[in-house]
Amino acid sequence: MKNLSILTGLFLLGTSIFSACTKPTAPQAEVKGDYSNVSKEKLDFLGITDINHLSAASKRALDWPDSLNNDWFGEFSVHNLKGDLAYEEGVVRRDPSALLFIDGLYYVFYSKSVGKTDGFGGDIENEKVFPWDRCDIWYATSHDGWTWKEEGVAVERGDKGTFDDRSVFTPEVMEYDGKYYLCYQTIKSPYNVRTKNQVGLAYADSPRGPWKKLSEPILSPADNGVWKGEEQNRFLVEKKGDFDSHKVHDPCIIPYKGKFYLYYKGEQMGEAITFGGRQIRHGVAIADNPLGPYVKSPYNPISNSGHEICVWKHKDGIMSLITTDGPEKGTVQFAADGINFNIQASIPGAPHAMGLNRSLNTNEGFAIFGWGLTHKYHNYDYQHIQRFQGRRKTAHTAKNEKAANKKATR
Ligand code: AAL
């Protein structure tokens with residue numbers, strides 16, 4: 001018996017030596033972990049004491065791309081709006097779209113509902129389970145981005161029995177080739193904790209409508225998750241399925257490289273907590289035509305962090321602001337191909353659910369955050385839209401440090 005196991009051991013050793021010798025060698029260029037050629041300047045810049053004693057943190061710092069710069073250093077402030085978008089008791093206005101700027105007028109689309117949230121404990125058929133339940137999509141206009149006039153409903157919930165009969169919400173708008181496209185989340189009644197969420201689309205010749213809805217959703221959750229039991233418990237699963245097996249949220253379409261990239265947030269059945277945050281990921285689906293069909297990328301998920309989608313065309317690629325959940329929250333990330341995102345910088349304090357002002361310069365780092373819209377939780381039941389302002393900073397200075405500097409050099 002002993003001899004047999006020695007023989008088996010020798011055989012396994014032999015096969016592993018053989019396979020190690022015959023394995024194709026990995027290309028050398030991208031090999032991380034070899035720090036022998038790091039320049040003295042780089043070590044000095046990173047403040048590393050001893051190249052022979054690299055901590056895990058120092059190795060990660062040495063792996064950072066050389067392109068890191070301070071284009072994304074800045075601060076945000078948030079302000080109340082005036083006119084119809086000022087806080088209104090009893091009304092929910094939230095998840096503002098990006099802003100359109102047409103003939104001197106800004107347009108924004110948003111989710112609007114009335115009344116408090118009842119939650120999932122009671123009569124879900126007649127009550128309101130979330131602040132974004134029983135919403136329609138409304139729009140407002142402004143000359144200066146401060147005082148807004150609510151113009152009316154853009155897209156309403158569908159008739160009973162249709163895929164969007166319960167709520168239409170969290171819209172994003174795209175202008176392309178003289179036409180306007182609104183994509184948004186949809187819910188079909190009944191709205192319980194296991195209800196799947198989809199994405200709908202409407203289009204129009206003018207931002208004022210009339211909007212024509214597509215009769216089918218343009219995006220649905222993956223159908224490869226399996227719930228465990230019949231109980232209304234979204235954490236109980238036999239199998240979780242893809243990152244978007246439960247919900248597809250926060251859609252945003254960007255015309256890119258002759259195609260249409262629909263970025264979205266995915267929620268998975270049996271959501272877990274990882275790295276101290278919810279298991280929230282982003283994906284993309286691509287179409288040749290703005291109306292679809294949208295095909296999910298096989299590279300999904302394209303982010304393992306984030307929440308509301310906030311993406312914009314930056315130079316020849318796509319930039320993405322990652323907030324709220326996951327290990328990479330609080331970063332801006334760039335993908336030269338719209339799919340493979342890499343961290344460019346940490347960006348603390350960015351407001352949530354940002355509606356970008358796409359009329360600003362999208363190619364110059366922080367400039368895209370000059371001003372735009374966000375929402376604020378007045379309380380759990382009621383949210384209202386606010387304006388954010390972003391100010392780029394180039395250095396970190398203490399109080400009166402600049403004045404002291406000037407004096408010293410006089
Ligand atoms: C938001 C978005 C989606 C969710 C809800 C309303 O922050 O992620 O829109 O469904 O919360």
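# A walk through the model, starting at the ligand

Select the ligand and the residues around it: R94, D95, W132, F169, T170, Q185, H249, D250, K265, H307 and E308. A residue makes that list if one of its heavy atoms lies within 4 Å of the ligand. Before you go on, know that this is a predicted model: local features need pLDDT of at least 70, side-chain atom pairs count only at pLDDT 80 or more, and totals for chains, interfaces and linings use all residues. Residues are numbered from 1 along each chain as its sequence is written, and side-chain values use heavy atoms, with hydrogens and water left out.

**Stop 1: polar atoms at the ligand.** Stay here and show the side chain of T170. A polar atom of that side chain lies 2.6 Å from an oxygen atom of the ligand. Next, pick R94, where a side-chain N or O atom is 3.3 Å from a ligand oxygen. Then try H249: a polar atom in its side chain lies 3.5 Å from an oxygen atom of the ligand.

**Stop 2: the cysteines.** Now select C183, C252 and C310. How many disulfides does the structure hold? Zero, where a disulfide is a pair of cysteine sulfur atoms within 2.5 Å. C252 has no such bond because its sulfur is 6.4 Å from the closest cysteine sulfur, in C183, and that is too far. C310 is in no disulfide either; the nearest cysteine sulfur, that of C252, is 8.0 Å away. Is C252 buried or exposed? Its relative accessible area is 1%, so C252 is buried. C310 also counts as buried, at 6% relative accessibility. Here buried means under 20% relative accessible area, exposed means over 50%, and partly exposed is in between (1.4 Å probe, protein chains only).

**Stop 3: a residue on the outside.** Jump to F275, in the loop between β16 (273-274) and β17 (277-278). With 71% relative accessibility, F275 counts as exposed. Add D325 to your selection: F275 and D325 are 50 residues apart in sequence, yet their C-alpha atoms are 8.7 Å apart in space.

**Stop 4: strands side by side.** Select residues 383-392, which make up strand β25, and residues 74-80, which make up β1. These two pair in the antiparallel sense over seven bridges; strands pair if DSSP finds at least two bridges between them. Look for N80, which stands opposite Q386 in β25. Now add β24 (residues 371-377), also antiparallel to β25 and joined to it by seven bridges. W371 has Q389 as its bridge partner in β25, and a hairpin of five residues joins β24 to β25. As you look along a strand, remember that in a regular strand the side chains alternate between the two faces of the sheet.

**Stop 5: zoom out.** The chain has four helices and 25 strands. Those are DSSP runs numbered from the N terminus: helices are H or I with at least four residues, strands are E with at least two. Buried residues make up 48% of the 410 residues in the chain.

**Stop 6: colour by confidence.** pLDDT is the predictor's confidence in each residue, from 0 to 100. The chain's mean is 92, and 92% of its residues reach 70 or more. Where is confidence lowest, and where is it highest? Helix α1 (residues 2-22) is lowest, at a mean of 39, and strand β6 (residues 136-142) is highest, at 99. Finish by selecting residues 1-31, where pLDDT stays under 50 and the model has zero contacts (heavy atoms within 4.5 Å) beyond four places in sequence. Where pLDDT is low, the predicted coordinates should not be read in detail.

Key
Polar contact = N/O pair within 3.5 Å; in protein donor to acceptor, adjacent residues only side chain to side chain.
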